[in-house]
Amino acid sequence: MKIKQSLILFATFIIMLNPLTSAASDNYDMWPNTQYNSDIPTHQQILGYGVGERITNHGDMLRFFEALERAAPNRIKLFEYGRTWEGRKLIYAAIGSVENIKNLAVHTDNIQKLADPRITNKKAAQQLINKLPSSVWLQYGVHGNEISSTDAAMMTAYHLLAAPEEATNKKILNNTVVFIDPLQNPDGRTRFTSRYYATVGMNHSSDRLSAEQNEPWPRGRSNHYLFDMNRDWLAITQPETAGRIKSLNHRLPLVVIDLHEMGGDQSYYFAPAAQPFNPHMTQDQIDNMNAIGKNHGKHFDSIGFDYFTREIFDAFYPGYGDSWPVFYGASAATYEVASSRGEVFQKLTGEKLTYKDTVHRHFVASISTAEGVADNHKKLLNNFYDYQVSAIAEGKANKKERFFIMPNKRDKAGNHRLATLMAQHDVEVQQADKAFKACGINYTAGAYFIDTAQPRGRFAKTTFTQQVDMPKDFIKEQERRRARQLNDEIYDVTGWSLPLMFNIDTNACGKNIKVASHQINSDSPLVGDISNPEATVAYLVPWGDMAAGRFLTEALQAGITVKSADKAFTLDNKSNYPAGTLIIEKRTNNDDLTANIQKITQNTGAIVNGVNTSWVTKGPSFGSGNTVTMSAPKIAMAWGDSVSSLSAGNTRFVIERQFNYPVTAIRVNKLTRADLGNYHVLILPSGHYKNSLGKNGADNIKNWVEQGGVLITLGNATRYAADSEVGLLAVKRELAYKEKTESKAKKDDEKESTTVGTLYKDKATLLKASENSKDSPDFVAGVLANIEVDQEHWLTAGVHEKLVGMAYGNDIYAPIKLEAGKNLAWFSDAKNVLASGYLWEENKKQLAYKPFLIHQPTGKGMVISFTQEPTTRAYLDGLNVMLMNSIFRAAAHARPLAR
Ligand SMILES: [Zn+2]
């Protein structure tokens, strides 16, 4: 605290003594002909170095913005919008004229009114538009190792505040508020900056082989839980994303720009984006980004910066930082600058790219964007209002899917999660107070529904509808490329329907719903229930949703003895309980059990039934061998080099923050020899383990499994387990299915240096002949796939018979044989396997009935393999019960010696 104050005094001291030299002592040469006023402290004064001379860390960035706010409190205001997992502050700044900053709260109220044509008619809208400034939101550094954007954010703020009379700035400040989120990922950037400066030697190396230029695992791109936060805007799992979405929903800026970095040999990328666009984008939004892009072109040409547009970075998936804002009516885009990955980088052309060069480009694009917004002030406001009007009209006109209804019969915890998530997106979600009928279906009180005839109707539509098609010509082009043996241009997942991913039943209805209802808030708690709290025999918690799941983890950690039934049962001829139901008996627990059960019920929102009898009339009794006693398993997970950081981070997050249960991360090299006897469960996230674990590692893991360990492999870690030299799992990965042709003739002369003579009649034959003899199926960027579940195994207790998972990549496995294990979940038939997205026809055929979940008993332990990742982006909530069973029920079923 004291240090900070003395720095300000020092800065003030310099300004007072030397009012005209501050600009001269800095290296401000990024915008032509600019005189900077000395009432705003410079980079040099605040940080001790000029702009772009160092990669500013999070703490110094905060210090910089705080100094700006102290120097010009009537023109810049800072807002804290959250804390990262590691406790760092997340802030955004609002910068504008004295008038606009004074009236910021009024402007915010007015833009909220403009955003709702149901309360603001056309005339009232025009009055608001006449009063409102324009607004732009510049967000920087969501990927923590894309470094230049944060320093560009600082320069942008300084430039606007210290040179308000400069011609472009004057235009901007006259009618626009500039919001700056200077660092979206402080934890990732901190990982980058501390490692970078720790590796620097006598000189900063520009060599791409140097330690400076190579980040160790897990790199700085992701946040603490190793999430790519530029994919988190749909499920809002991370605190950083949650804070940003709340702030954007509050301020509703008209233009949103997400600033990134790409490979150092490229130039600069800005709008217009690559095809395909999300079909819910309006022409106005596309036109606005074209106009702003063109303005950049002008500035880049005059300074002599290279750039490109319309390639690589698309706008189809609605969960990016540049696509989510489109759904409240903003025009949005991504910018990418070639990265110096340090203070200096040598391009393949031999040119040296300095950090300052990269900061300069993002800074120019930032100011140019604000200028474009200022130039289009009235148009942007009008477009914003029109967007809301047309969104409501589109919803009203939809005779098939105007309403989405969640019956809320099965999985109340999942329904609650989805309803409150949509509220977090500012979608209005209603919960019925009474029973009602809609489109011929009866619903009970408690059902949720969304009317898409609302300003956020398009967001509800794109996330709730099962299928969003890519444009036909784009698909046609991808199929053409595939036929020509070229890679496809699909950039990310093509399916993202939230009800499918959460496995929540929904219906659509085009007719008006009339029922008394109340609106759901994003923080509405999930309310649990305990019937007969003074039970004399036991408490039962029906298994099958995450409230019960969290009940289990909390009970185990509180030292409560919990049993779980392998099969469904009926108590006293009356009540039916599903397989997996938790049984907490009074006789095996302490006197404070009742109080504990009440507390856990309240914390988790679980449904608990107290019972006064253990008389089971169908299925296993409480004392049967088919009810297992659960233990609190110790979970280890592979971590570090050769593990996919996304898979490791996503999985650790799901277990720690959604199941509320701790995981110990163990570096892969330790797994080769370490005594794993302390652990009950070992999880291998996706990764390439064969070389790093070697024979020692494989033997070590195998021995541990035989002694009673539960090994869980996720995604392509299953490749490792199934490798014939590793031999942990008795299945084989399939090559691409090919119609049998003349492969036999080919085989005969494989070892010869000559081959038999053949005749080709067309180009197709040439392409066919040049195919590899061992091709994997074609790679898939990610679709949602239907999965069917064996209902008669303890590992799938409480799991719904139909699930949706992700099909990503090209791993397809032949089923395990009965002598070795069981296939407990598999992909649906070729016609039905695709739940949402775009999947190649050959993959559909080959995926059909292939395993998704494999169980293989081994000695006293077992191997459980998911052929696809169940934890992708932590948004496949519908697979959580299956994953919980794989950890907790499996640990109870393994037969380790007492530990
Ligand atoms: Zn990026």
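1. Arg118 and Asp116 form a salt bridge, with their closest N and O atoms 2.9 Å apart; the term stands for a side-chain nitrogen of Lys or Arg within 4 Å of a carboxyl oxygen of Asp or Glu. The two partners differ in their surroundings, since Arg118 counts as partly exposed at 40% relative accessibility, whereas Asp116 counts as buried at 15%. Here buried means under 20% relative accessible area, exposed means over 50%, and partly exposed lies in between, for a 1.4 Å probe and protein chains only.

2. A word on the basis of these points: this is a predicted model, in which local features need pLDDT of at least 70 and side-chain atom pairs count only at pLDDT 80 or more, while totals for chains, interfaces and linings use all residues. Residues are numbered from 1 along each chain as its sequence is written, and side-chain values use heavy atoms, with hydrogens and water left out.

3. Side chains of opposite charge can pair when their charged atoms come close. The structure holds 41 salt bridges, and one of them joins Asp29 to Lys356, with 2.9 Å between the closest N and O atoms. Because Asp29 sits in the loop between α2 (22-25) and α3 (43-47) while Lys356 belongs to helix α13 (residues 355-375), this pair ties together parts that are 327 residues apart in sequence. Helices (H or I, at least four residues) and strands (E, at least two) are DSSP runs, numbered from the N terminus. Asp29 itself counts as exposed, at 53% relative accessibility.

4. A salt bridge within a single helix is found between Glu477 and Arg480, whose closest N and O atoms are 3.0 Å apart. These residues stand three apart in helix α17 (residues 472-483), so about one helical turn separates them. Glu477 counts as partly exposed at 26% relative accessibility, and Arg480 is likewise partly exposed, with a relative accessible area of 42%.

5. Salt bridges also link residues into a network, made up of Glu146, Arg221, Asp228, Arg231, Asp492 and Arg873.

6. Two packed helices are described by the angle between their axes and the distance between the axes. Helix α8 (residues 148-162) packs with α13 at an angle of about 55°, the axes being 8 Å apart; axes are lines fitted to C-alpha atoms, for helices over the stretch in contact, and angles run from 0 to 180 degrees between N-to-C directions. The two helices are therefore oblique to each other, on a scale where angles under 35 degrees count as roughly parallel, over 145 as roughly antiparallel, 65 to 115 as roughly perpendicular and the rest as oblique. The crossing of α8 with α13 is right-handed, meaning that the near helix is turned clockwise from the far one by less than a right angle, and anticlockwise would make it left-handed.

7. Which residues make the contact between α8 and α13? From α8 come Ser148, Ser149, Asp151, Ala152, Met155, Thr156, His159 and Leu160, and they meet Tyr355, Thr358, Val359, His362, Phe363, Ser366 and Ile367 of α13, where contact means heavy atoms within 4.5 Å. The residues of this contact divide into seven nonpolar, seven polar and one charged; Ala, Val, Leu, Ile, Met, Phe, Trp, Tyr, Cys and Pro count as nonpolar, Asp, Glu, Lys and Arg as charged, and the others, Gly among them, as polar.

8. Helix α6 (residues 104-114) and α11 have axes that come within 8 Å and cross at roughly 85°, and they are therefore roughly perpendicular to each other. Leu104, Thr108, Ile111 and Gln112 of α6 meet Asn249, His250 and Arg251 of α11, and the residues of this contact comprise two nonpolar, four polar and one charged.

9. Some backbone features deserve a look in the loops. A cis peptide bond, with omega about 0°, joins Trp217 and Pro218, and Pro218 lies in the loop between α10 (186-199) and α11 (239-251). Ile236 is found in the loop between α10 and α11 as well; its phi is near 45°, a positive value in a residue other than glycine, and Ile236 counts as buried at 6% relative accessibility. Another cis peptide bond joins Ala271 and Pro272, again with omega about 0°, and Pro272 is in the loop between β6 (268-269) and β7 (274-277).

10. Asn532, although not a glycine, has a positive phi of about 50°. Asn532 lies in the loop between β19 (529-531) and β20 (538-541) and counts as partly exposed, at 31% relative accessibility.
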